[in-house]
Amino acid sequence: MDDMKHTLVALVQDHPGVLNRMVSLFRRRGFNIDSIAVGHSEIPDMSRVTIVVNGSGAIVEQVRKQLDKIIDVVKVADITDDNITARELALIKVKATSAIRREIIEIVDIFRAHIVDVGQDSVTIQITGDEDKIESLLNLVRGFGIMEISRTGRIAMPRGNVGSTPLAEKTPEKAKRLKAG
Amino acid sequence: MKMSGGQILCEGLVREGVDVIFGFPGGAVLPLYDVLPEFPLRHILVRHEQGAAHAADGYARATGRVGVCLATSGPGATNLVTGIANAYLDSVPMVAITGQVARPFIGKDAFQEIDITGITLPITKHNYLVLETSSIPSVVREAFHIAGTGRPGPVLIDIPRDVFAEQIDFHYPETVEVDLPGYKPTVRGHPAQIKKAARAIAESEKPLILAGRGVLISGAHRELRQLAETAQVPVVTTLLGIGSFPETHVLSYGMVGMHGMAYANKAVSSTDLLIAIGMRFDDRVTGKINAFAPHARIIHIDLDPAEIGKNVRVDVPIVGDIAPVLKELNKLITTANHAEWIEQLEDFRRKHPMVDASDGEGLLPQYVVDKIYEVTGGEAIIATGVGQNQMWAAQHYWYNKPNSFISSGGLGTMGFGLPAAMGAKVGCPDSTVWCIDGDGSLQMTIQELATLVQDKIAVKIAVLNNGYLGMVRQWQELFYNKRYVATPLYCPDFVKIAEGYCIAGLRVTRREDVVPALEKAMAHDGPFLIDFMVEPEENVFPMVPPGASLAEVMEAPRKSRKGLIDTSSLPVSNI
């Protein structure tokens, strides 16, 4: 009903199996994840995980609390309502004979994407942006014939002078909101 | 100083205050067993690793300390799994140590290799695979810290054979720091929330406390009693909350849930303020969830934030350790009088009394439990199997002391009773420990009778023998048209089985022999088994049928004691 996409950011210890613990939790409790992206953080031996979950506020809050119980998860926050920068990277391989390459390059330019590889009958486009932007580009090039898509899933962080997510307890926006209501 | 990994582990266990380990040896743990006698650690050799895990569990529930079990790699480790899962679902502090194949063999499908950290991932609070011998002290410190604090639970430590055997230059550090940035259980409740709760209690006309195992874990039974007595709030408990409040107390209204007292369930359905303390709204407790406590605002006090709002909506959540939260709450509680509400509950109790154990002529299981209560003066620790025996033990014994009722709640593990009683007796050697078990449950772990003898553990066993898998049969009788598929149970002669293990035993078939047999068992020095041949088709009542609300209690038919019960005449009182 009030299902929507939530962005959770977790800071986790780089211990063997930490991702397994998180993913296993989603599976056994029946939570659906849209995407999960992991990489090193600015803190040594810690990784930052961005998870996109589709669900109602109550479900996502339960996801957050359950994740927080994993010992190797240092902190996890739902930053959906914060003022955040969210990006995803996609590589899209499109069928492109030399005759229509020009047309594809025009679209790529409009999206400020890049051609990162050219083959005999294909081009590979690299695009970064939010999911909507990537979807729009995909819709435009679909007609040429998509050979392969690889996407990273969303990564996100709050805008402005906020410290390390989710260690910095509240972003100014969230603090304001909490104060207001 | 040269120390082996095994010695470092034992040293760590001793420093954690461990005095007993329930275990079973095997190839991967041999280097550990080899050094075990060098340390003041009592090892109790079980006959099956499941028994080790349940014994550690029973030990932990009876003493409040972390129970320790030990098994070898592969099948030893997998045999622990049921016991670990059982401890996980009932929040029991436990450290399980398993051997693993030597490091170079890991991942090669070596003999007796199994990925036990992978297998136990969803049933442990945390687990470790130790790859550095020098990391054992910090792993042991963290494991006991995690298992025993916050919401307790099992922690598994998997140690490869060559780590146990490896000799390293080592001085055991005086203090081992816990470095767990991701683990900080909330202890104190939020003062504003506690204030809100106090206000809600003051405003309520029909308050009711629903106490769970969290009260026992936190050792908060005194604070609970103070709250109940000061504010004059009646108390009901969950199955695992039994013992958190004296059942003979004037404010006690027994157990709620599927086989709870009708008056306890009616109290939940009538209260205007449910104060849920250290419990998690299990489906066996709530019945049909959207008809649960329909008139009540709910205060939920629990240590685990993830339990708040998981199953029911909560009006006043308080996250924190129960004892400190109740201490703070008690400061704000004023004396109150709920005479009218209590009179209403008394009226429920008069109109919906429990099954009378002295009813009829046959040997009723309820009568046996009733007499165990009398003969032990209510002072015993009771461990149970799972099924009808468990429910009768919960319903017909009066538990006045914390940690005196030891039972498998969340997982409902048949076979839990005997090894758990064993662990409880080892932890509390001065207490009388009775295992009230069913003939089905007992046969799942009956091999532990040998452990009782070898390690001189004087557990008394009462088998409520009805020749059926009784609870399943009851469901078949009530909901499957009496088609008793796979529930009639051939049983060995339990007295002869006991005798085979050199355990004294008696068979009781008549009501008048119950007390003399129990007295004989109590007077006997050592383990004792009594095989009570009870009414085969006696049912557990009251019963909230699966999927029904707590208000729809099936009560015992008053007259028909013998033979089949005519289910069409079962009164379903809509209260």
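User: Taking two residues to be in contact if their C-beta atoms, placed from the backbone, lie within 7 Å, what share of the contacts in chain A with a separation of 6 or more comes from residues 24 or more positions apart?

Analyst: Residues 24 or more positions apart make up 74% of those contacts in chain A. Please keep in mind that this is a predicted model, in which local features need pLDDT of at least 70 and side-chain atom pairs count only at pLDDT 80 or more, while totals for chains, interfaces and linings use all residues. Residues are numbered from 1 along each chain as its sequence is written, and chains are lettered from A and ligands numbered from 1 in the order in which they are written.

User: OK, and which helices and strands does chain A have, in what order?

Analyst: Chain A has five helices and nine strands, where helices (H or I, at least four residues) and strands (E, at least two) are DSSP runs numbered from the N terminus. Along the sequence these elements follow the pattern β-α-β-β-α-β-β-α-β-β-α-β-β-α. The C-alpha trace of chain A spans about 55 × 40 × 40 Å along its principal axes.

User: How much of chain A is buried?

Analyst: Of its 181 residues, 29% count as buried; a residue is buried if 20 or more other C-beta atoms lie within 10 Å of its own, exposed if 12 or fewer, and partly exposed in between, with C-beta atoms placed from the backbone.

User: Let's pick a helix, α2 of chain A; which of its residues are buried?

Analyst: In α2(A), the buried residues are A:V60, A:V63, A:R64, A:Q66, A:L67 and A:K69. The buried residues of this helix pack against β1 (4-13), α1 (18-28), β3 (46-55) and β4 (73-78) of chain A.

User: What about the length of α2(A), how far apart are its ends?

Analyst: The end C-alpha atoms of α2(A), residues 57-69, are 19 Å apart, which agrees with the 18 Å that its 13 residues should span at 1.5 Å a residue, because the expected span is 1.5 Å times one less than the number of residues.

User: And β4(A), which strand does it pair with?

Analyst: It is joined to β1(A) by five bridges, and the two strands run antiparallel; strands pair if DSSP finds at least two bridges between them. Within that pairing, A:V9 has A:A77 of β4(A) as its bridge partner. β4(A) is mostly covered, with five of its six residues buried.

User: Switching topic, what domains does chain A have?

Analyst: The assignment, which is automatic or taken from a database, gives domain 1 (4-82) and domain 2 (85-155) for chain A. Their C-alpha centres lie 29 Å apart, and their contact takes six residues from domain 1 and five residues from domain 2. On the domain 1 side, β2 (33-40) and β3 of chain A are the elements that give two or more residues, and β2(A) has the largest share, with three residues.

User: Now chain B, which domains are there?

Analyst: Chain B is assigned domain 1 (2-169), domain 2 (191-351) and domain 3 (365-540). Between domain 1 and domain 3 of chain B, 25 residues of the former are in contact with 27 residues of the latter. On the domain 1 side, the elements β2 (20-23), β3 (42-45), α3 (49-63) and α4 (75-89) of chain B each supply at least two residues, and α3(B) gives the largest share, 11 residues.

User: How many residues does each chain put into the contact between A and B?

Analyst: Chain B gives 13 residues and chain A gives 15 residues. The chain B side has eight nonpolar, four polar and one charged residues, counting Ala, Val, Leu, Ile, Met, Phe, Trp, Tyr, Cys and Pro as nonpolar, Asp, Glu, Lys and Arg as charged, and the others, Gly among them, as polar.

User: Where is the largest nonpolar core centred, I mean which residues have the most contacts inside it?

Analyst: That core has 208 residues, and those with the most contacts inside it are B:A52, B:C69, B:V95, B:L210, B:I275 and B:I277; a nonpolar core is a set of buried Ala, Val, Leu, Ile, Met, Phe, Trp, Tyr and Cys residues joined through C-beta atoms within 7 Å. A second, separate core of 12 residues includes A:A90, A:V94, A:A96 and A:V123.

User: Last one, where is B:G526 found?

Analyst: B:G526 is in the loop between α22 (514-523) and β20 (528-533) of chain B, and it counts as partly exposed because it has 15 C-beta neighbours inside 10 Å. Leaving out residues up to four places away in sequence, B:G526 touches B:A458 and B:A504.
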